[in-house]
Amino acid sequence: MIKILGLDISSKSTGYALLDDGKLVKKFCGTISCRDVGPVSNLYCYCAELEALLEKIYRTTSIDYIIIEETYFSRNVKTLKTLCYFAGATISICHKLTMAEINFMTVGEVRKLVGTKDKEDTFNFITSKYKLDWDFDKDNDKTDAIANAL
């Protein structure tokens, strides 16, 4: 059985989802959200929450692969730098706490693999595939994480 943890990193709400041979492990699917008090404080909060999540997962199972959504380059350099800090912290924590192979995929690569054209299409595909009664505005980080792990 191959276990893949998908991560959709953001400084405000990071989606995560563990798939076990393609089946969603619902108790390990959610978001890491920190109060928006600034990038540095959010990074510390995120690191603590990610460590707690990985420790919780490892109490019951293991992870073979971690797939992280590649940082998207936008015109806002400040946002790009912040997301790179979060990605770097994620790599460090995942490497320290797991023996999983860590890989990155771009949004385009993920959408090509699952056959979707945009974020909403990906949301609809994932909620249909896993029979999830979720709200796009509230749950799209989780569906992106699931798509990353497929």
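In the predicted model, β1 (3-8) and β4 (65-69) pair in the parallel sense over 4 bridges; strands are DSSP runs of E of at least two residues, helices are runs of H or I of at least four, both numbered from the N terminus, and pairing requires at least two DSSP bridges between two strands. Within β4, Ile67 is the bridge partner of Gly6. The open sheet comprises 5 strands in the order β3-β2-β1-β4-β5, with mixed pairing. β3 and β5 (101-105) are the edge strands, each pairing on one side only. From one strand to the next, the twist averages 20°.

Residues are numbered from 1 along each chain as its sequence is written. Local features need pLDDT of at least 70, side-chain atom pairs count only at pLDDT 80 or more, totals for chains, interfaces and linings use all residues, and side-chain values use heavy atoms, with hydrogens and water left out.

Asn148 is located in helix α5 (residues 136-149) and is buried (under 20% relative accessible area, 1.4 Å probe, protein chains only), at 2%. Not counting residues up to four places away in sequence, Asn148 touches (heavy atoms within 4.5 Å) Gly6, Leu7, Asp8, Ile67, Glu69, Met105 and Val110.

The largest nonpolar core (buried Ala, Val, Leu, Ile, Met, Phe, Trp, Tyr and Cys residues joined through side-chain atoms within 4.5 Å) has 23 residues, of which Leu5, Leu7, Leu50, Ile63 and Ile66 touch the most other members. α1 gives the most to this core, with 7 residues. A second, separate core of 15 residues includes Ala17, Met105, Tyr130 and Ala149.

Conventions
Buried means under 20% relative accessible area, exposed over 50%, partly exposed in between (1.4 Å probe, protein chains only). Axes are lines fitted to C-alpha atoms, for helices over the stretch in contact, and angles run from 0 to 180 degrees between N-to-C directions.
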